[in-house]
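Grab a coffee and work through a few exercises on the model below. Try each task on your own before you read its solution.

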Amino acid sequence: MDFARSLALTAPEILLSVSGLVLLMVAGWGGDKASRLISIAAVAVLTACAFLTAPTLWGQAMGAEVSAFGGQHRADTFAAFAKLLIYASAGVTLIIAQPFFDKARAMRAEFPLLVLFASLGMGMMVSAGDLLALYIGLELNSLASYVLASSLRTDERSAESGLKYFVLGSLASGILLFGMSLTYGFTGTTSFAGINAALAGGLPTGATFGLIFMLAGLAFKISAAPFHMWTPDVYEGAPTPVTTFFATASKVAALGLLMRVAFEAFGGQAQAWQQVVIFMALLSIVIGALGAIGQNNIKRLMAYSSINNVGFILIGLATATRAGASAMLVYIAIYVAMSVAGFVAVLLLRDENGEQVEAISDLAGLSKTRPWIALAMASVMFSLAGIPPLFGFWGKFVVFQAAVQADMIVLAAIGIAASVIGAFYYLKVVKVMYFDEPADVVKGAGETSHTVLLVLSTLAISPLGYLGTKCVGTLANYAAAALFPVG
Amino acid sequence: MIQVFAFYLFATLCIFSGAVTILARNPVHSVLWLILAFFNAAGLMVLVGAEFIAMLLVIVYVGAVAVLFLFVVMMLDIDFAELRAGFVKNFPLGLALAAVLFVELFVGLIVRGAGSVALGKADGASAQAADASNIEAIGALLYSRYLFLFEAAGIVLLVAMIGAIVLTHRQRSDTRGQNISKQNARRPEEATVNLQPEVGKGVQI
């Protein structure tokens, strides 16, 4: 094995971990006063990592020459696509977290470090080529996430969400690990390529159990129904910047990991997991749509909306084709943009004491008091509902297109019908903001950095975003090609 | 010959100290007997040529787990008499559980004769080098083939540590720390006052 080559391929991971350790020293000596400096440095590190990763995607690198450490880590186009989204989301999280925690007087110097280490784990997840790398990356990400969820320690809901996430997350990790050990036992190898080769002759019963347990564990991480119960509570309780991080970076990483496992490790046995994925997709869409109807908290609403959107993304997985994988990646990228816009808009809603406004009834008449925030929020809601010509429509469009191409017309039809149900509660928020009597609760002024981010992300999901779909589509095709070497 | 002798010595002591662990009345004694049982199990591991596992047993179980037990037993105020109170009441249930475990054990042994499950064959990538002891073999694998994952596992532990400290440590303004130099510099005349209080009147401090 060529160590120099392997080290060069893991350059973003090495940069992240070394700078994480150096900044830990700064945090140790500088204390919480140094948190601003560390945040800025962490954003710079993430940018540098993005620049290290981008050439892989542009250069369409894939195949044997990008597998490091004997195939445990694969720095191919798929990993690069997911990593760019992860680094961007982590950077956004750090930028919006600083003013948020400063206002709550709860900024800790360790916060940016945990985000850095979580991104490191996520990078390992999407580049995993081996069950061991998968698990270590997942645990690195999860451990940091549990702490991030409860980082607003004086807030009871934050502590509760951290504990809930920890207990349920550990359970899911255990289930995943059980599935991995069964898979290893019946195939004799931990590498994805090796598992695929060992299962070429058929799927033994034990390995089927392994596959199902692994899917269940991963479904928890992407919050797909019926493993979604933790999502509303955690999304509501966690500080809003951390919720943004969970809804964007964590989701990208877990979906990337699921795609790696499904297409690379069990790619030859697609018919074994397709039914499970179809079931999870439909259940997620329906539960996400119906569960959101009774919610009065905007963060809980966004949580149900994320369950709903994961269902649509899983339709792409269910097709088990290259077009489906590419459609998933496009949808994920669009979903990240929509989530950032949605949560930053929520961050800007503050009452006269500077407290976060989260109740939907308090948004009444926002169009008269805060027309611009209301406009941004309305475009997020329309976009999540998938109403053309907004950005969210194109994500649903490519996924349904892939499903129809793969002769899954019934699945696509049910998905479209359910997205109409989903449109109901998105439109309800718009109705409250535009047609109800002003509640006059939202008063406080927002941070400049939040406003800038909101303008950028709203522009991205506006009809202008259509200009970018071609570029995203091309890159997603490059990335999907890495998962399907032939055909 | 000496190996057979050593095996019976370790095995007997292991079973004996295991039995005393659950029979001892004093929980601290139980933990000490447990440590003896771990040491004897480690001896057995050395006999079968698994010296790495022997070391793990001593370092992890004796060094960390048993000491943790001792801490728990000594620091927490647990009323062991009360814990034992339900013994007679729960005895039939315990007996039933033990019977189930024994039956499972024998069923397992019988089924084993019927042929094993068709497991996958190891791909041989982590096969042991021919003339290396197993500590050497594990080290060679950890620092070459699994270097990346080994280092990443180190980061996982670091994050766990950071997380524990972030969640529990805080600067408290309402506690008074000890200032030794201030204590030493203090003289009796600064700290004490001589008063001649009148009868029937209080003292103003």
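What follows is a set of short tasks, each with a worked solution.

This is a predicted model, where local features need pLDDT of at least 70, side-chain atom pairs count only at pLDDT 80 or more, and totals for chains, interfaces and linings use all residues. Residues are numbered from 1 along each chain as its sequence is written, while chains are lettered from A and ligands numbered from 1 in the order in which they are written.

**Exercise 1. Overall build of chain A**

Task: find how many helices and strands chain A has, and check its radius of gyration against the globule rule.

Solution: Start with DSSP runs, where helices are H or I over at least four residues and strands are E over at least two, numbered from the N terminus. That gives 20 helices and two strands in chain A. Next, take the radius of gyration over C-alpha atoms and set it beside the rule, 2.2 Å times the number of residues to the power 0.38. Chain A comes out at 21 Å, close to the 23 Å given for 487 residues, so it is as compact as a globular protein of that length. Its C-alpha trace spans about 65 × 60 × 40 Å along the principal axes. Finally, count a residue as buried if 20 or more other C-beta atoms (placed from the backbone) lie within 10 Å of its own, exposed if 12 or fewer, and partly exposed in between. Buried residues account for 62% of the 487 in chain A.

**Exercise 2. One helix**

Task: work out what span helix α14 of chain A should have, and whether it is enclosed or open.

Solution: The expected span is 1.5 Å times one less than the number of residues. For the 26 residues of α14(A), 322–347, that means 38 Å, and the end C-alpha atoms are indeed 38 Å apart, which agrees. Now the surroundings: 24 of those 26 residues are buried, so α14(A) is largely enclosed by the rest of the structure.

**Exercise 3. Where the chains touch**

Task: describe the side of chain A that touches chain B, by element and by class.

Solution: Call two residues in contact if their C-beta atoms, placed from the backbone, lie within 7 Å. By that test, 33 residues of chain A meet 21 residues of chain B. The elements of chain A giving two or more residues are α5 (110–126), α6 (131–149), α7 (156–187) and α8 (192–198). The most come from α6(A), with nine residues. For classes, Ala, Val, Leu, Ile, Met, Phe, Trp, Tyr, Cys and Pro are nonpolar, Asp, Glu, Lys and Arg are charged, and the others, Gly among them, are polar. The tally for this side of chain A is 17 nonpolar, twelve polar and four charged residues.

**Exercise 4. Backbone oddities**

Task: locate the cis bonds before Pro226(A) and Pro389(A), then say whether Phe69(A) is buried or exposed, and likewise Asp407(A).

Solution: Keep the background in mind: most residues other than glycine have a negative phi, and most peptide bonds are trans. The bond from Ala225(A) to Pro226(A) has omega near 0 degrees, and Pro226(A) sits in the loop between α9 and α10. From Pro388(A) to Pro389(A), omega is near 5 degrees, with Pro389(A) in the loop between α16 and α17.

Then the positive phi values. Phe69(A) has phi near 50 degrees and lies in the loop between β1 and β2; its 24 C-beta neighbours inside 10 Å make it buried. Asp407(A) has phi of about 60 degrees and lies in the loop between α17 and α18, but with 10 such neighbours it counts as exposed.
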